[in-house]
Amino acid sequence: MDKRVRADQSDVRKKFKVEEHASEKTLRFHPMLDWPPRMVYAYLKEYDIPRHPLELKGYQSIGCEPCTRPCTLHTEVRQGRWYGLKKTECGLHTQLITAA
């Protein structure tokens, strides 16, 4: 599991750029935006980065507590997010982006 914004995670994220102008004169940087899952896993392995403890409890995508549920390994990775809602993206990743 990775915790970085990647273009393959949602239709909203497909529109992102590696560098995005954001509110408060800040710049958002998405260094792994174009990484496919195999690159993420290779990086985790190469640098011996520990797995998140919630992965063992069935969480394949982790966000805030009220919006995250565990799901089986046979479902879409982000299916446990925003359970029961017609939502696919956190406000952190949509509301902070501004027109350049």
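Tyr 43, Tyr 47 and Ile 49 together make a nonpolar surface patch of about 300 Å². The model in which this patch appears is a predicted one. Of the patch residues, Tyr 43 is placed in helix H2, which spans residues 37-46. Tyr 43 has a relative accessible area of 37% and is therefore classed as partly exposed, since that class lies between the limits of 20% for buried and 50% for exposed residues. The value of 37% also satisfies the requirement for patch membership, because residues of a patch must have over 30% relative accessible area.

The aromatic side chains were examined next. A pair of aromatic rings is described by the distance of the centres and the angle of the planes. Two aromatic pairs are found in a search of the whole structure. In one of them, Tyr 43 and Tyr 47 are paired with their ring centres 4.7 Å apart and their planes at 45°. This pair is classed as tilted, because an angle of 45° is neither under 30 degrees, as stacking would require, nor over 60, as an edge-to-face arrangement would require. Tyr 43 and Tyr 47 also belong, with Trp 35, to one aromatic cluster. Tyr 43 and Tyr 47 thus take part both in the nonpolar surface patch and in the aromatic cluster.

At the level of the whole protein chain, the secondary structure consists of two helices and two strands. Read from the N terminus, the elements follow the order α-β-β-α. The protein chain has 100 residues, of which 30% are buried. Its accessible surface amounts to about 7,500 Å², and carbon and sulfur atoms account for 57% of this area. When contacts between residues at least 6 apart in sequence are considered, 43% of them join residues at least 24 apart.

Three salt bridges are counted in the model. One of them links Arg 6 and Asp 8, with 3.0 Å between the closest N and O atoms. The two partners fall into separate accessibility classes: Arg 6 counts as buried because its relative accessibility of 5% is under the 20% limit, whereas Asp 8, at 43%, is partly exposed. The side chains of Arg 6 and Asp 8 are also recorded as a polar contact of 3.0 Å.

The surroundings of Arg 6 extend beyond this salt bridge. Arg 6 lies in the segment before H1, and its side chain reaches the backbone oxygen of Trp 35 at a distance of 3.0 Å. Trp 35 is in turn a member of the aromatic cluster with Tyr 43 and Tyr 47. With neighbours within four places in sequence set aside, the residues in contact with Arg 6 are Arg 13, Met 32, Leu 33, Trp 35, Pro 36, Pro 37 and Val 40. Arg 6 therefore combines a buried position, at 5% relative accessibility, with polar contacts to the side chain of Asp 8 and to the backbone of Trp 35.

A second salt bridge joins the side chains of Asp 11 and Lys 14, with an N to O distance of 3.2 Å. Both residues are located in helix H1, which covers residues 11-14, and their separation of three residues corresponds to about one turn of the helix. Here both partners are exposed, because the relative accessible area of 53% for Lys 14 and that of 57% for Asp 11 are each over the 50% limit. The side chains of Lys 14 and Asp 11 likewise make a polar contact at 3.2 Å. Lys 14 is further related in space to Leu 33: the two residues are 19 places apart in sequence, and their C-alpha atoms are 8.5 Å apart. Leu 33 is also one of the residues in contact with Arg 6.

The remaining salt bridge is formed by the side chains of Arg 51 and Glu 55, with 3.1 Å from N to O. Arg 51 has a relative accessible area of 39% and is partly exposed. Glu 55 has a relative accessibility of 24% and also counts as partly exposed, because this value lies between the 20% and 50% limits.

Note on methods:
Residues numbered from 1 in each chain as written. Predicted model: local features only at pLDDT ≥ 70, side-chain atom pairs only at ≥ 80, totals over all residues. Heavy atoms only, no water. Patch = residues over 30% accessible without salt bridge, like charges linked within 9 Å, V, L, I, M, F, W, Y side chains within 5 Å. Areas by Shrake-Rupley, 256 points an atom, 1.4 Å probe, with all protein chains shown as cover. Salt bridge = Lys/Arg side-chain N within 4 Å of Asp/Glu carboxyl O. Helix = DSSP H or I, 4+ residues; strand = E, 2+ residues; numbered from the N terminus. Buried < 20%, exposed > 50% of the residue type's maximum accessible area, 1.4 Å probe, protein only. Phe/Tyr/Trp six-rings, centres within 6.5 Å; stacked < 30°, edge-to-face > 60°. Contact = heavy atoms within 4.5 Å. Polar contact = N/O pair within 3.5 Å; in protein donor to acceptor, adjacent residues only side chain to side chain.
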